[in-house]
Amino acid sequence: MTIYEGSNGSLNLFYNDTLISSFPLTNKKTFTRYKYQGHYIILKSMNEKLKLKQIIITLKSFCDLIYQRKINNQAIRKSDHQMFLSCFFGLLKLKQIDEDNILIMKKKKKKKINLS
């Protein structure tokens, strides 16, 4: 699994104790922006007149599908990672998963080597 690092570090998402996705953190791609995607997917679903229980089942089903693909070493598209991010933060917003499944890593500092 590649960890994508931005200028401000990386956001790593775990599901069932397995690292599923990694996203760069930059000045434009902030944690708040990523977190809003979960809020947005819930709002769009509610606008479609879906019940909360049905939304939760759908979000969990997608996360479970991506988890199974990860466990079985199957390819996961970039668009699937983006959708996983939305579903993950949607479940977080609905208190179906906890924040212990999020790891934010600061950008690595490169060491200067003195060759003298």
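## Phe89 and its surroundings

Phe89 lies in helix 3. This is a predicted model. The residue is buried, and its relative accessible area is 1%. Leaving aside residues up to four places away in sequence, Phe89 touches Leu11, Leu13, Phe31, Tyr34, Lys35, Gly38 and Ile102.

Ile76 sits 13 residues from Phe89 along the chain. The C-alpha atoms of these two residues are 18 Å apart.

## The chain as a whole

The chain holds 3 helices and 3 strands. Along the sequence they come in the pattern β-β-α-α-α-β. The C-alpha atoms fill a box of roughly 70 × 30 × 25 Å, taken along the principal axes.

The chain has 116 residues, and 36% of them are buried. The exposed area is about 8,400 Å². Carbon and sulfur atoms supply 53% of that area. Consider the contacts in the chain with a separation of 6 or more: 57% of them join residues 24 or more positions apart.

## The sheet

In what order do the strands of the sheet lie? The order is 2-1-3, in an open sheet of 3 strands with antiparallel pairing. The edges are strand 2 (18-25) and strand 3 (102-105), each pairing on one side only. From one strand to the next, the twist averages 20°.

Strand 1 covers residues 9-15. Strand 1 pairs with strand 3 in the antiparallel sense, over 4 bridges. Ser10 stands opposite Met105 in strand 3.

## Helices on the sheet

Helix 3 (residues 78-93) packs on the sheet. This helix touches strand 1, strand 2 and strand 3. The direction of helix 3 makes about 70° with that of strand 1.

Helix 1 (residues 31-47) also has a place here: it lies across strand 1, strand 2 and strand 3. Helix 1 runs at about 125° to strand 2.

## Two cysteines without a bond

How many disulfides does the chain have? The count comes to 0. Take Cys63 to see why. The closest cysteine sulfur to that of Cys63 belongs to Cys87, at 5.0 Å, which is too far for a bond. A disulfide needs the two sulfur atoms within 2.5 Å.

The view from Cys87 matches: its closest cysteine sulfur is in Cys63, at 5.0 Å, again too far for a bond. Are these residues buried or exposed? Cys63 is buried, with a relative accessible area of 0%. Cys87 is buried too, at 2% relative accessibility.

## Two asparagines with positive phi

Most residues other than glycine have a negative phi. Asn16 has a positive phi of about 55°, although it is not a glycine. Asn16 is found in the loop between strand 1 and strand 2. At 44% relative accessibility, Asn16 counts as partly exposed, because that class lies between the buried limit of 20% and the exposed limit of 50%.

Asn73 likewise is not a glycine, and its phi is positive at about 55°. Where is Asn73 placed? Asn73 is in the loop between helix 2 (52-71) and helix 3. Asn73 is exposed, since its relative accessible area of 72% is over the 50% limit.

Terms used:
Residues are numbered from 1 along each chain as its sequence is written. This is a predicted model: local features need pLDDT of at least 70, side-chain atom pairs count only at pLDDT 80 or more; totals for chains, interfaces and linings use all residues. Side-chain values use heavy atoms; hydrogens and water are left out. Two strands pair if DSSP finds at least two bridges between them. Axes are lines fitted to C-alpha atoms, for helices over the stretch in contact, and angles run from 0 to 180 degrees between N-to-C directions. Contact means heavy atoms within 4.5 Å. Buried means under 20% relative accessible area, exposed over 50%, partly exposed in between (1.4 Å probe, protein chains only). Accessible areas come from the Shrake-Rupley method with a 1.4 Å probe; for residues, only the protein chains shown count as cover.
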